[in-house]
Every structure is written in C-alpha cells, then in structure tokens.
Amino acid sequence: MTEQSAKLTLGQKDADLAVRSGSIGPDVVDVTALYKQTGLFTYDPGFSSTASCESKITYIDGDEGVLLHRGYPIDQLAERGDFLETCYLLLYGELPTTREKDDFVYRVTRHTMVHEQMSRFYTGFRRDAHPMAVMVGSVGALSAFYHDSTDIADPHQRMVASLRMVAKMPTIAAMAYKYHIGQPFVYPRNDLAYAENFLHMCFAVPCEPYRINPVLARAMDRIFILHADHEQNASTSTVRLAGSSGANPFACVAAGIACLWGPAHGGANEAALNMLMEIGTKDRIPEFIARAKDKNDPFRLMGFGHRVYKNYDPRAKIMQQTCHEVLDELGIKDDPLLEVAMELERIALTDEYFIEKKLYPNVDFYSGITLKALGFPTTMFTVLFAVARTVGWIAQWKEMIEDPHQRIGRPRQLYTGAEMRDYVAVDERG
Ligand code: SDX
C-alpha cells in the first residue's frame, strides 16, 4: 500500500496522520494516533466517513452500483454460481475447484441437523412469537451445545464453527417457521441441495411427498447469494464488535440477527411488503410519495435508499428478474403488489426529490413480493435474510479474529452532559 500523509492543525496542535490506500476504493486517513498526538477524537456517529477495519471480503462502489465478493461481481456469482460456492468463496477467499466444492458441500450437508434438545427451546415461545425473536433466542443458545467449537484461538474450531453456522441456520429457521404455523418439524435431508433442503424443511408435511420445484429452488438459492454479505453494514459491524471481545461465534451471530431485525436494515423487506399492501392500488401511490417527502412525516419508502448506494443497488436488479421468474413459474399474472411496486419505482425514479437525494430501490424492494410468492409469510422475510447473511457475518468475524492488529472495539464520545457536581441530599433538593 502506498504511504502518504495528512496534517491536521488546530491552534498549536499538529498531527501528522498516515494516509493509506487499499487495492480499490477510497484512501483512508489513519487516525489511530490522533488522540495521543492532539487529545482530539474524531466524530462520526453514523460512521458515514469511517472505515472500521481492513477487509478483503466484499467491496461496494455506491456511486457505480458495484458489489464484489472477493473481486467477483454479484451478478456473475448470482447468474453462474450457487450459494454454497459463494459461501466457500467468502470463507476461503477463492472459488473452489470441483473437488474442493464437493468436499465443502459434503461437510456442510452433514452438519445440517441440530441437537435434538434444541427443539425443546421452541416450545417455550408463543406460537405467534415473531420468528426473528425465536431466531435470536435459538441461535444464541447454540453456544450451549457446541463447546468443542468455541475456542476462537483454534483455527480448526473457527472453521468448524463457521461451517456449523452455515449448515444449521436453514434448519433453525425452518423450525421457527414450522413452530409458528403449528406444523411438525421436518428434518434436513442429505440428498437435497442447500436451497432445496430449506424449502423442503419449510413446506413439506408428513402426510404427502413434497415435490421440489427446481425453478423455485434456484430462485431461493439466488436470493441467498444476493443477501450473503455486504461490507461493514450495521449487523456485520455488530458481529465484529461483539466478536472483538472474544465472545463465541454463535453469540456474535445472535447479536447480528438482533441488529438485522430493524426496519432500517434487514427488517425492510417485511416493511416494504407491508407498505405495498397498505398502498394497495396504483392510484394511491402519489399519497405515499408525498408522505415520504414530507419532513414532518416519519414515513419512508421502505426498500428505497441506501447508505452506500447512490445508484441502483445491483442486487435489486437481479431480485427484480428473480421476482418475475418466480411469478411466471407459479402462473401469477398481474400480481397487484408487483404492479404497485413497478409503478412506485417508475414514479419515484422520475421524482425530483428521489433524484436529488439519489434514492433507488435496494435489495429489499422486490424481495418481499418474491418471498410471498414462494409461500413465506412476511414475518419470515427477515429470517431468510438472516439465513443468507450468516455466511457473511461469520466470514467477517473470522477475518477479524485472524487480523493480527485486532483489538477490542471501544469507541469514545463527544460528552455534552452535566459537568462534575456534588451530591445533594433528598431533603435539600428543590
Ligand atoms: C439494507 O448497509 C447495508 O449495506 C445494508 C444492506 C445490507 O445488505 O446489509 O444493504 C441491507 O439494510 C438495505 C436498506 C434497507 N432499508 C430500507 O429500505 C428502509 C428505508 N430506507 C431508509 O431508512 C434509508 O434510506 C436507509 C436507512 C437505508 C439509509 O439511511 P441513511 O444513509 O442514514 O440516509 P439518510 O437517512 O441520511 O437519508 C438521506 C436523505 C434524508 O433526507 P434529508 O434529511 O437529507 O432531507 O434521504 C431521505 C432522508 O429523509 N431518505 C428517504 C429514504 N431514505 C432516505 N426519504 C424517503 N424514503 C426513503 N426510503
């Protein structure tokens, strides 16, 4: 990396700060020594201008609408690869050879079962509990079962824990869905591919054979690829911060699930579909566009906008194509929600407000319509996002643990509270 420097001068205080370049993307001013040299903190509450780490996993160019995983564009991975191959790429850094992939698929497939005691956790929840609440609880509980892969200093145990997370999340998610709808759990099957297995665990019932639809299974697999990783987003940063204290990977992923649940993040796919259902018909779109632009109205167009993408989210285009494929395969013509979504997108992209603020559809805009057509209730949408993002979380967690410069994350603050004052006895207070 090329070394330049930046000088910060504040009154008598001077700081010479190193400027570092990556392989692509913006350079960084290294402020590690800033406080020691000047007694100053940097201030960036939303981290819009802050690189929290060095990483080799995912690169995003928000202005160009580019997303690379280990250098490979998301559209090529989604169109020519599959989810487990993408998992291998994220975890190991290279696309697998045939033998490497067969071995990886074999190992993941044979870790898909969860400890039978896990099923007892679910019965403690109400049937109408939101499946994301069940996911936070049950994934956090995994650390109680796998003491042989929580020694994060052991590279072998780190990889075993990573594989277990990728393998078991579909099973845990499917169990949360089955419990939610009052149907019996369906065990994973080693003869099915990853996405096929997930659909089977969700939609098979003991009373009759479940036929895997290869078009729908391919769509599910592609949706997993689109959601696999996304640089230092809120939930990934949560996993990294939790992991920086030495917490075990299962607990860190549970923290990531909790963060992903928020409607500003992974919860947006559920919120976007609920918004489309609330709009209902195309003639009501102007009313909602006006609300989204009204500063006094907290309403936002769910599935629109992004902290990094100031151009079209490349995942949204592929998701839109996948949406059409699924609706066509299922013979769903003129889906009113798709009609509203496409008209909403058309209007928003020509509206001065959205153009000026560079608000485009993101990955969550079309995913809800697709997942609803696949048969999932809206409450399961963010669970599916969590199943896919687990590999990204765990790959970023592994990278952080293996970073020789890694230290516990401990930000400081700009304090604007009360200055020091003496205690006042209760009978002397005003
Ligand atoms: C994901 O980070 C990631 O990579 C996340 C993710 C991943 O894969 O991990 O990509 C997944 O979370 C996608 C985003 C899903 N969220 C939504 O669709 C919810 C709706 N979107 C917004 O809440 C918002 O766009 C965010 C949260 C996504 C981004 O928020 P920012 O970067 O903090 O942007 P902002 O709130 O500062 O908005 C800038 C301006 C504001 O207006 P001004 O204050 O400048 O006048 O744009 C406006 C906002 O009011 N704005 C919107 C809007 N999003 C931003 N106005 C109407 N509708 C919207 N959706």
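## Two domains and an enclosed helix

Across the domain boundary, 11 residues of domain 1 touch 12 residues of domain 2, counting contacts. Keep in mind that this is a predicted model. The chain splits into domain 1, residues 5-61, and domain 2, residues 72-400. Much of what follows concerns helix H18 and the nonpolar core, with a few single residues picked out at the end.

**Where the domains meet**

- The C-alpha centres of domain 1 and domain 2 sit 32 Å apart.
- Interface size is often quoted as the accessible area lost when the parts come together.
- By that yardstick, about 940 Å² is buried between domain 1 and domain 2, with carbon and sulfur atoms giving 58% of it.
- On the domain 1 side, look at Ile57, Thr58 and Ile60: they supply 61% of the area that domain 1 buries against domain 2, more than any other three residues.

**Helix H18**

- H18 covers residues 381-401, so to speak a run of 21 residues, and its first and last C-alpha atoms are 30 Å apart, close to the 30 Å expected at 1.5 Å a residue.
- There's a kink in H18 all the same, of about 40 degrees and centred on Arg389.
- Is H18 buried or exposed? Buried: 21 of its 21 residues fall under the 20% cut-off for relative accessible area, so the rest of the structure largely encloses H18.

**The nonpolar core**

- The largest nonpolar core holds 116 residues, and Met220, Leu301, Ile369 and Phe376 have the most contacts inside it.
- H18 turns up again here, giving the most to this core with 14 residues.
- Take Leu301 as one of those hubs: setting aside neighbours within four places in sequence, Leu301 contacts Met275, Ile289, Ala292, Leu344, Ala348 and Phe354.

**Helix H11**

- H11 runs over residues 249-260, which makes 12 residues, and reaches 16 Å from first C-alpha to last, close to the 16 Å expected at 1.5 Å a residue.
- Its buried residues are Pro249, Phe250, Cys252, Val253, Ala254, Gly256, Ile257 and Leu260.
- What do the buried residues of H11 pack against? They pack against helix H6 (131-141), helix H7 (155-181), helix H10 (234-243) and H18.

**Two contrasting residues: Ser367 and Met113**

- Ser367 belongs to helix H17, residues 364-374.
- With a relative accessible area of 0%, Ser367 is buried.
- Not counting residues up to four places away in sequence, Ser367 touches Asn269 and Met319.
- Met113 is in the loop between helix H4 (98-109) and helix H5 (118-122).
- Met113 is exposed, at a relative accessible area of 52%.
- Even so, Met113 has contacts beyond its neighbours within four places in sequence: Tyr146, Lys168 and Pro188.
- For a sense of distance, Met113 and Ala247 are 134 residues apart in sequence and 24 Å apart in space, C-alpha to C-alpha.

**Positive phi without glycine**

- Phe47 isn't a glycine, yet it has a positive phi of about 60 degrees.
- You'll find Phe47 in the loop between helix H1 (34-38) and strand E4 (58-61).
- At 55% relative accessibility, Phe47 counts as exposed because the cut-off for that is over 50%.
- Glu231 is another non-glycine residue with a positive phi of about 60 degrees.
- Glu231 sits in the loop between helix H9 (214-226) and H10.
- Its relative accessibility of 26% makes Glu231 partly exposed.

Methods:
Residues are numbered from 1 along each chain as its sequence is written. This is a predicted model: local features need pLDDT of at least 70, side-chain atom pairs count only at pLDDT 80 or more; totals for chains, interfaces and linings use all residues. Side-chain values use heavy atoms; hydrogens and water are left out. Helices (H or I, at least four residues) and strands (E, at least two) are DSSP runs, numbered from the N terminus. The expected span of a helix is 1.5 Å times one less than its number of residues. The bend at a residue is the angle between axes fitted to the seven residues ending there and the seven starting there. Buried means under 20% relative accessible area, exposed over 50%, partly exposed in between (1.4 Å probe, protein chains only). A nonpolar core is a set of buried Ala, Val, Leu, Ile, Met, Phe, Trp, Tyr and Cys residues joined through side-chain atoms within 4.5 Å. Contact means heavy atoms within 4.5 Å. Domain bounds come from an automatic or database domain assignment. Buried area is the accessible area (1.4 Å probe) that two parts lose on being put together, summed over both.
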